[in-house]
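Hi everyone, thanks for coming. Let's take a quick walk around this one together, so have a look at the screen.

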Amino acid sequence: MDSLHSIMPEHQKGKHLSFEQRVIIQTRLKDGCSIRAIARELCCSPSTISYEVRRGTVPLYRGKQKRYKADHGQSVYQTNRRHCGRKPDFLKKSDFIKYVNKHFFEDNWSLDVCANRCLAVGEFSSDQIVCPRTLYNYVDQGLLAIKNSDLPEKLKRNTKIHRVSDNSLTFFVIFLNPLILRKGFPIYKSFFCLRSSQFLKARYMSLHGMILTLLKTKSIHEKL
């Protein structure tokens, strides 16, 4: 193993090729190695090496020869990365953006009213507007004439998202405990149906304290 390969981390499945790995591809192709041999060395699929060689191959000597170059492959990769992903609809929906700016400042409409009222009265169709959440994101990104200082209610909101549902049920198993036996429940395993919010509070308590909390819930008494 040469020094170039010894200092390079092992390729992870699902990850893109790095510039160092492209240099190794260029070196091994110059040494006459096959695509499959290079793939085994880099621990990736042969099709990955084949696609990379196809993208990074440049003509040399007035087109008489074609050879893979690592720097060209890296530049093509960076260009493709800039063009990938979902494209924003801000420029395509400029009429709706003007509509929002106009009614926000002139009629004191909120962003939610602007997005919902234009659909209700039929001024815009659903594919010509963006949702209120996207409008708030445009404000954060500075794409609208509206600033966060113009939205006092938004500044009062808590931006932290807590997705703990009180209606979701969590099944928790409590094994044999002397406290359960003293309470008159001679069972080896008790399955208690506990709400998730109660479970999050009880998980940090001691075992005895947790059992006392469980015994007080209505669901436990119904189960027993």
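Let's start with two rings: Tyr99 and Phe124 are both buried, where buried means under 20% relative accessible area, exposed over 50%, and partly exposed in between (1.4 Å probe, protein chains only). Quick housekeeping: this is a predicted model, where local features need pLDDT of at least 70, side-chain atom pairs count only at pLDDT 80 or more, and totals for chains, interfaces and linings use all residues. Residues are numbered from 1 along each chain as its sequence is written, and side-chain values use heavy atoms, leaving out hydrogens and water.

Okay, how many aromatic pairs are there? The count is six. Rings of Phe, Tyr and Trp (its six-membered ring) pair if their centres lie within 6.5 Å; planes under 30 degrees apart are stacked, over 60 edge-to-face, and the rest tilted. Tyr99 and Phe124 make an edge-to-face pair, 5.3 Å centre to centre with 70° between the planes. Tyr99 sits in helix 6 (residues 94-106) and Phe124 in the loop between helix 7 (111-120) and helix 8, so the pair ties together parts 25 residues apart in sequence. Helices here are DSSP runs (H or I, at least four residues), numbered from the N terminus. Ring pairs also link Phe96, Tyr99, Trp109 and Phe124 into a cluster.

Now, Tyr138: buried or exposed? Tyr138 is buried, at 7% relative accessible area, and its place is in helix 8 (residues 132-141). Looking beyond four places away in sequence, Tyr138 touches Asp89, Phe90, Ile97, Val130, Leu143 and Leu144, with contact meaning heavy atoms within 4.5 Å.

Key
Helices (H or I, at least four residues) and strands (E, at least two) are DSSP runs, numbered from the N terminus.
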